[in-house]
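Here are my notes for your review. Please read them with the coordinates open.

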Amino acid sequence: MQYWLMKSEPEVFGIDDLQTMGIEPWDGVRNYQARNMLRDQMQIGDQVFFYHSNCGVPGIVGIAEIATQGYPDDTALNPESKYFDPKSDPLKPRWYRVDVKFVRKLHRTISLHALRAQTSLENMPLVRKGCRLSVMPVTPAEWQTILQLE
DNA sequence: GCCAACGTTGGC
DNA sequence: GCCAACGTTGGC
């Protein structure tokens, strides 16, 4: 089983929204590195840290689980969608998504600040300045370290 | 294939 | 709202 971290802006889709929905497609990812992970690497049952970005206290707020393998992200084909990509070809999908299932909220937010304070986490892409990857792998050791901060 | 311009992300 | 960092685009 693998571990991941996925970013979302709480104003757009936060952990409370996932809790309400139970399970939701994680769509709108328009970055090739992230796309490759969604399409090729994620497996059902993988555990995910749900991260709130672009908000008052950015940080990890909950845990989710991968509920499907990667499959084409239809929002790229829908001109009505804010994620529409005119260059996407229905026969050769450019963008992929997975479904993500709510597991639980953390007792408290593990802030980016707190994550940066841990030397053992200094290799996480997340804590690097200017990291714009919205989906990234987390090592088992990092996963354990982070859970102990809860 | 280089690289400047541009757009987006995301912390602060 | 600012701006640094970075990815993408497109002219050449």
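**Notes on the cysteines and the DNA contacts**

1. The sulfur of C55 has its closest cysteine sulfur in C131, 15 Å away, which is too far for a bond. Please keep in mind that this is a predicted model. C55 counts as partly exposed because its relative accessibility is 27%.

2. The search from the other side ends at the matching residue. For C131, the closest cysteine sulfur is that of C55, at 15 Å, again too far for a bond. A disulfide would need the two sulfur atoms within 2.5 Å. The count of disulfides is therefore zero under this rule. C131 has a relative accessibility of 18%, so C131 counts as buried.

3. C131 also belongs to the DNA-facing set. Which residues surround DNA strand B? They are K7, Y51, S53, N54, P58, L112, R116, C131, R132 and L133. By class, this surface has five nonpolar, two polar and three charged residues.

4. Which part of DNA strand B supplies the atoms within 4 Å of the protein? Sugar or phosphate accounts for 71% of them, and bases for the rest.

5. Two phosphate contacts deserve a look. In Y51, a side-chain N or O atom is 2.7 Å from a phosphate oxygen of DNA strand B. In N54, the partner is a backbone N or O atom, 2.9 Å from a phosphate oxygen of DNA strand B.

6. A base is contacted as well. A polar side-chain atom of R132 sits 2.7 Å from a base oxygen of DNA strand B.

7. N54 merits a separate check of its backbone. N54 lies in the loop between β3 (47–52) and β4 (59–66). Its phi is near 55°, a positive value in a residue other than glycine. Most residues other than glycine have a negative phi. Is N54 buried or exposed? N54 counts as exposed, because its relative accessibility is 60%. That accessibility is computed on protein chains only, so the DNA strand contact of N54 through its backbone is to be read alongside it.

8. On annotation, an unreviewed UniProt entry lists residues 2–149 as "domain: EVE". Over residues 2–149, the chain is 20% helix and 31% strand. The end C-alpha atoms of that stretch are 20 Å apart. Please quote the domain label as coming from the UniProt entry.

How values were computed. Residues are numbered from 1 along each chain as its sequence is written. Chains are lettered from A and ligands numbered from 1 in the order in which they are written. This is a predicted model: local features need pLDDT of at least 70, side-chain atom pairs count only at pLDDT 80 or more; totals for chains, interfaces and linings use all residues. Side-chain values use heavy atoms; hydrogens and water are left out. A residue is near a molecule or strand if one of its heavy atoms lies within 4 Å of it. A polar contact is a pair of N or O atoms within 3.5 Å; within protein, one must be able to donate a hydrogen and the other to accept it, and residues adjacent in sequence count only if both atoms are side-chain atoms. Ala, Val, Leu, Ile, Met, Phe, Trp, Tyr, Cys and Pro count as nonpolar, Asp, Glu, Lys and Arg as charged, and the others, Gly among them, as polar. Helices (H or I, at least four residues) and strands (E, at least two) are DSSP runs, numbered from the N terminus. Buried means under 20% relative accessible area, exposed over 50%, partly exposed in between (1.4 Å probe, protein chains only). UniProt positions are given in the numbering used here, feature names are shortened, and annotations may be inferred rather than shown by experiment.
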